[in-house]
Every structure is written in structure tokens, then in C-alpha cells.
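Here is a walk through one structure, written for someone who would rather be at the bench. Keep the view open while you read.

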Amino acid sequence: MVSVFGHALIRNHAAAGQRTVDLGGKMLRDEHLSTLEAEIRSGRFRASTSLSLNANPLITTLPSLDGMDALQRLSLIGASSLTSLPDLSRLTSLELVKLEGCAHLRALPPLPQGVEWVDAHLPPHLCSVVPSAGGGS
């Protein structure tokens, strides 16, 4: 049931065309991320300005978010099994990424030009290795 629910939830958010996409606390797993990627590629999330995958402790990675042209905020707070993220440097509208509680994340991806990582939104083990991405430090 969780499997079917996750795919349907993502499709419903994509069809709704909302600017804020809150998929937080929905028991999403890696198996659902192919649906998220397909909906992003279809252009259904092109106008979304905020994506939250907070409190989804079973996801380990994210698909490319390229195509979310208006995305300003990405929040993965409490995605405790997350180990990797896609390159975010092509998301030119991106302003803020929150990764609090992502203790298994191995590295930080590049950010768009002029966007910096904010230590307050990072897991402690990555605060000292913040990459210089687009002028960030």
C-alpha cells in the first residue's frame, strides 16, 4: 500500500501544478523517486518554487531536479538515510537548501552561481567541507 500511495501522491502533486510541493513525512522510498523524476522531466513541476521531502527517512538519493526551473527552496530535513544529491548548479532560481539531520550524506553538490551553503542548514559533519560552489564558501 505504501508503494502505491507514494507514486499516486507524487502524480497528484504534479497534476495540481502547485508552487509549493510538500512531500514531507509521506513514507517515500527510493522506489518512488523514478516517478518524481518522470514528472519533473514532463515539465509538471516547472513552476514549483519549493520542494520539501522532509521526514522521509528511507530515501537515499534524489534524481536530477533539472527542469524545476523556478525552484527556490529545497528542504530535506530529517531525510536521515540520504547519502547523495544530484548536481544543483543548473537550478538558477535556487536560493536555499536545507539538509539538517542528513547524517549519512557523503558530500555536498555544486550550487548555482552566487548561492552559498548555510552552515545552519547542514549536517555538522559537512559544515567544515563546504565546497566553493558558484562563489559560495
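## Helix 1, end to end

Helix 1 covers residues 2-16, and its length checks out in this predicted model. With 15 residues at 1.5 Å a residue, the helix should span 21 Å, and its end C-alpha atoms are indeed 21 Å apart, which agrees. Just past the end of helix 1 you'll meet Gly17, whose phi is positive, at about 65 degrees.

## Two faces of helix 1

Which residues of helix 1 are buried? They are Gly6, His7, Leu9, Ile10, His13 and Ala14. Look down the axis of helix 1 and these buried residues fall within an arc of 155 degrees, so they line one face of the helix. What do they pack against? Their partners are strand 1 and helix 2, the latter made of residues 33-41.

Now turn helix 1 around. The face pointing away from the buried side carries Val4, Asn12 and Ala15, which are exposed.

## The sheet

Four strands make up an open sheet, lined up in the order 1-2-3-4 with parallel pairing. Strand 1 (20-22) and strand 4 (96-98) sit at the edges; each has a single partner strand, so one side of each is left without a neighbour in the sheet. Going from one strand to the next, the twist averages 5 degrees.

For a closer look at one pairing, take strand 1 and strand 2, the latter being residues 50-52. They pair in the parallel sense over three bridges. If you want a spot to zoom in on, Thr20 stands opposite Ser50 of strand 2.

## Positive phi without glycine

Two residues are worth a click for their backbone angles. Met27 has a positive phi of about 60 degrees although it is not a glycine. You'll find Met27 in the loop between strand 1 and helix 2. Is Met27 buried or partly exposed? Its relative accessibility is 49%, so Met27 counts as partly exposed, since the exposed class begins over 50%.

Ala55 also isn't a glycine, and its phi is positive too, near 55 degrees. Ala55 belongs to the loop between strand 2 and strand 3, where strand 3 is residues 73-75. With a relative accessible area of 42%, Ala55 is partly exposed.

## Cysteines

How many disulfides does the structure hold? Zero. Take Cys102: the closest cysteine sulfur belongs to Cys127 and lies 12 Å away, too far for a bond. A disulfide would need the two sulfur atoms within 2.5 Å. Cys127 is likewise in no disulfide, with the sulfur of Cys102 as its nearest cysteine sulfur.

The surroundings of these two cysteines are worth checking as well. Cys102 has 0% relative accessibility, so it counts as buried. Cys127 has a relative accessible area of 24% and is partly exposed, given that buried means under 20%.

## After helix 3

Helix 3 is made of residues 124-127, and Ser128 is found in the segment after it. Is Ser128 buried or exposed? Ser128 is exposed, with a relative accessible area of 69%.

Finally, try a distance across the chain. Ser128 and Leu28 are 100 residues apart along the chain, and their C-alpha atoms are separated by 30 Å.

Technical notes:
Residues are numbered from 1 along each chain as its sequence is written. This is a predicted model: local features need pLDDT of at least 70, side-chain atom pairs count only at pLDDT 80 or more; totals for chains, interfaces and linings use all residues. Side-chain values use heavy atoms; hydrogens and water are left out. Two strands pair if DSSP finds at least two bridges between them. Helices (H or I, at least four residues) and strands (E, at least two) are DSSP runs, numbered from the N terminus. Axes are lines fitted to C-alpha atoms, for helices over the stretch in contact, and angles run from 0 to 180 degrees between N-to-C directions. The expected span of a helix is 1.5 Å times one less than its number of residues. Buried means under 20% relative accessible area, exposed over 50%, partly exposed in between (1.4 Å probe, protein chains only). The arc is that of the directions from the helix axis to the C-beta atoms. Contact means heavy atoms within 4.5 Å.
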